[in-house]
There are 2 protein chains.
Amino acid sequence: MHALPGIEGVSLRPLASHPDERGELTEVLRLAWLGEAPPPRQWNYVRSGANVLRGVHVHVTHWDFLVVLEGEAWIGLVDLRRGSKTCGNARIVRMSGDAKALLTVCPGVAHGFYFPRGGVFTYGLSHYWDPENDEFGCRWDDPALGLAWGLERAPLLSPRDESAGSLAEMLTALEGKAGWCGSG
Amino acid sequence: MHALPGIEGVSLRPLASHPDERGELTEVLRLAWLGEAPPPRQWNYVRSGANVLRGVHVHVTHWDFLVVLEGEAWIGLVDLRRGSKTCGNARIVRMSGDAKALLTVCPGVAHGFYFPRGGVFTYGLSHYWDPENDEFGCRWDDPALGLAWGLERAPLLSPRDESAGSLAEMLTALEGKAGWCGSG
């Protein structure tokens, strides 16, 4: 149901917006839409300027439920789960506030977000945000990821994302981690 | 904990925003913050133009968990629960995207939203949105509500809100409703 071709466990569900004279209303998420995914326990709101890139990150435990509310985001996705039929697959999905959709990302699928002209998104997390223990990162432009970002200039990164290591180093760090689906 | 003075069962929790060079991140809701309130099952996103007013509405079943993300909203709140210590109390809370906060509203507390210059909010609902069965409305400017909106011009309403009846009529409609906390 709304599965994203090429990466098992990731779905992209188009959302219906209801515009009227006053503005607009969009149902962003209903638990009944989530299938096997655990329900969100937390919600975050994120604003990004133009040419900002967040990631690439991967989680051991939590699922993400993400909606771009304004502007545009290119979401890079890479399946790192050894047991997955789509392991190693990478693709970039373009999301926009003008045609809203709910993106569901399971643990073990690495993701990065690029904002060509800035944007706003909200996301639910199935477990509390825990960047120390449940977020691993690597360089967004490691060719081993297979993500063809096609950027014409260096994006703005956080110091943490800027100094991140390679995909291979990230996978090594994940190997010993309880619950890591890549080690199964 | 973060109780809103004057209306029992309503809380207003200030949220910490984390700005950096890239933009901003705000944790909007964690289930652990909700206390006795049931967890959200659904999330909606709403954009409103300047001088729009939504409401006044009251729910029999669902709680609302609301955050203003951008712009400003004046939230009118009226306690209609017969068994409540603050029954009959009314107040207007100003919320802004510049100082985000999580407003939790229990069933039986009527609410309306006014957007002086437009704004965006997101809200969680503890039960699926069901405007036919779980949303009752009355005129936003019924003096019996006790809400001193102080508007200088007529606000833009939906046809439904425009043609809504009095508070007394709404309370009569609610009387027969299973679960209505005003009838206890």
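Of the 184 residues of chain A in this predicted model, 45% count as buried. The contacts of chain A are largely between parts that lie well separated in sequence, in that 82% of the contacts between residues at least 6 apart join residues at least 24 apart. Chain B can be superposed on chain A with an RMSD of 0.0 Å, by a turn of 180° with a shift of 0.0 Å along the axis, and this is therefore the relation of a two-fold axis.

**Confidence of the prediction**

- The model as a whole carries an ipTM of 0.92 together with a pTM of 0.94.
- For chain A the average pLDDT is 94, and 98% of the residues of this chain score at least 70.

**Fold and dimensions of chain A**

- Chain A contains two helices and eleven strands, and when these elements are read along the sequence they follow the pattern β-β-β-β-β-β-β-β-β-β-β-α-α.
- The radius of gyration of chain A is 16 Å, which agrees with the value near 16 Å that a compact globule of 184 residues would have.
- Taken along its principal axes, the C-alpha trace of chain A spans about 55 × 40 × 30 Å.

**Contact between the two chains**

- The contact draws 29 residues from chain B and 28 residues from chain A, and the elements of chain B that give two or more residues to the side touching chain A are strand 3 (23–30), strand 4 (42–48) and strand 5 (52–58).
- Strand 3 of chain B supplies the largest share of that side, namely eight residues.
- By residue class, the side of chain B that touches chain A divides into twelve nonpolar, eight polar and nine charged residues.
- Strand 4 (residues 42–48) of chain A runs antiparallel to strand 3 of chain B, and seven bridges join these two strands across the contact.
- Within this pairing between chains, Tyr45(A) has Thr26(B), in strand 3 of chain B, as its bridge partner.

**Symmetry of the contact**

- The superposition of chain B on chain A by a turn of 180°, with an RMSD of 0.0 Å, is accompanied by a shared contact surface, since the same surface serves both copies and 97% of the contact residues of chain B recur in chain A.

**Strand 6 of chain B and its partners**

- Strand 6 (residues 64–79) of chain B is mostly covered, with 14 of its 16 residues buried.
- Strand 6 of chain B pairs in the antiparallel sense with strand 8 (residues 101–105) of chain B over four bridges, and in strand 8 of chain B the residue opposite Phe65(B) is Thr104(B).
- Strand 10 (residues 119–125) of chain B is also paired with strand 6 of chain B in the antiparallel sense, over seven bridges, and here the bridge partner of Phe65(B) is Gly124(B).
- Strand 7 (residues 90–96) of chain B runs antiparallel to strand 6 of chain B and is joined to it by seven bridges, with Val78(B) standing opposite Ala90(B) in strand 7 of chain B.
- Strand 9 (residues 109–115) of chain B likewise runs antiparallel to strand 6 of chain B, the two being joined by six bridges, and in strand 9 of chain B the bridge partner of Asp79(B) is Val109(B).

Conventions. Residues are numbered from 1 along each chain as its sequence is written. Chains are lettered from A and ligands numbered from 1 in the order in which they are written. This is a predicted model: local features need pLDDT of at least 70, side-chain atom pairs count only at pLDDT 80 or more; totals for chains, interfaces and linings use all residues. Copies are superposed by least squares on the C-alpha atoms of residues with pLDDT of at least 70 in both. Two residues are in contact if their C-beta atoms, placed from the backbone, lie within 7 Å. Ala, Val, Leu, Ile, Met, Phe, Trp, Tyr, Cys and Pro count as nonpolar, Asp, Glu, Lys and Arg as charged, and the others, Gly among them, as polar. Two strands pair if DSSP finds at least two bridges between them. pLDDT is the predictor's confidence in each residue, from 0 to 100. The radius of gyration is taken over C-alpha atoms; the globule rule is 2.2 Å times the number of residues to the power 0.38. A residue is buried if 20 or more other C-beta atoms lie within 10 Å of its own, exposed if 12 or fewer, and partly exposed in between; C-beta atoms are placed from the backbone.
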